[in-house]
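Student: I am new to this structure and should be grateful for a close look at a single part of it. Could you please concentrate on the salt bridges and then relate them to their surroundings?

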Amino acid sequence: MNETNNEPDVNPETAAQEAGAADAPAHERRDGDPTEALLAENADLKDRVLRTMAEMENLRRRTEKDVRDARQYAASGFARDMLAVSDNLRRALEAVSEETRAAADDAMRSLIEGVEMTEREMLNQLEKNGVKRIDPAGEKFDPNFHQAMFEVPNTEVPNNTVVQVMQAGYVIGERVLRPALVGVSKGGPKERRAEDAPGAAPEPGSTVDRTA
């Protein structure tokens with residue numbers, strides 16, 4: 001009897017493992033062609049490198065954005081606290097009537113001018129740190145920047161026009177520190193909304209980050 005005919009068929013994959021090739025790529029064990037195996041491995045490594053580079057680029061961009069935001073909005077808390085000081089300076093100036101100014105002596109006039117200079121300097125310093133004042137009188141009401149306190153019957157201007165500003169608002173960068181307190185018109189002609197127009201851009205302020 002021919003003994004070779006009774007031996008079981010050799011499994012190529014088992015033979016490769018027994019030969020110490022267990023760590024070889026599956027495609028190399030499958031077809032045994034080293035050239036194709038190297039090309040496939042090279043393509044796989046190239047794909048991994050490209051994915052890693054893309055992830056590193058995304059991480060770099062996110063890190064740069066986080067650093068910019070941290071630098072820009074670091075003063076948010078302090079700036080918000082300083083708004084109360086600015087409000088008090090403005091109230092002090094508004095409490096002085098034109099008659100009082102006209103009748104004021106040199107000392108009182110110097111005091112008023114000093115308060116005005118202090119207010120201007122404070123606003124200048126806030127603006128240097130990215131804080132800007134919102135004074136929307138005559139503008140269309142925008143809930144992202146304004147807070148309506150009351151309505152004023154007025155047929156001479158379109159509906160929802162800011163006709164009175166009770167308290168100025170402030171923004172830092174693209175974030176709202178404090179919305180402006182306003183009175184809006186009622187009873188005038190309705191203005192066509194921009195979003196109703198075909199292909200219209202988003203409403204101004206609709207993407208503003210208000211988390212400051």
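Tutor: Let us begin within one helix. R51 and D47 both belong to helix α3, where four residues, about one turn of the helix, separate them. Their side chains form a salt bridge, with 2.8 Å between the closest N and O atoms. The model in which this pair appears is a predicted one. R51 is exposed, its relative accessible area being 53%, whereas D47 is partly exposed, at 33%.

The same helix offers a further pair. R48 and D44 meet through their side chains in a salt bridge, at 3.1 Å from N to O. These two residues are also placed in helix α3, which covers residues 34–73; because R48 and D44 are four residues apart there, about one helical turn separates them. D44 is partly exposed, with a relative accessible area of 35%.

In total, the structure holds 10 salt bridges. Another of them involves R178 and D87, whose closest N and O atoms are 2.6 Å apart. R178 lies in strand β5 and D87 in helix α4, so this salt bridge ties together parts that are 91 residues apart in sequence. Both R178 and D87 are buried. There is also a network: E57, R60, R61 and E64 are joined by salt bridges that share partners.

The strand that carries R178 leads to the sheet. Three strands make up an open sheet in the order β1-β4-β5, and their pairing is antiparallel. Its edge strands are β1 (131–134) and β5 (175–178), each of which pairs on one side only. From one strand to the next, the twist averages 35°. Between β4 and β5 there are three bridges, in the antiparallel sense. V171 stands opposite V176 in β5.

The helix that carries D87 leads to the nonpolar interior. The largest nonpolar core comprises 13 residues, and A79, L83, L126, V131, Y170, I172 and L177 are those with the most contacts inside it. Two or more residues of this core come from each of α4 (76–94), α6 (106–128) and β4 (169–172). Apart from this core lies another, of seven residues, including I134, V171, A180 and V182. As a general matter, nonpolar side chains tend to be buried together in soluble globular proteins.

To draw the parts together: the salt bridge of R51 and D47 lies within helix α3, while that of R178 and D87 links strand β5 with helix α4.

Notes
Residues numbered from 1 in each chain as written. Predicted model: local features only at pLDDT ≥ 70, side-chain atom pairs only at ≥ 80, totals over all residues. Heavy atoms only, no water. Core = buried A, V, L, I, M, F, W, Y, C linked by side-chain atoms within 4.5 Å. Buried < 20%, exposed > 50% of the residue type's maximum accessible area, 1.4 Å probe, protein only. Pairing = 2+ DSSP bridges. Axes fitted to C-alpha atoms, helices over the stretch in contact; angles between N-to-C directions. Salt bridge = Lys/Arg side-chain N within 4 Å of Asp/Glu carboxyl O.
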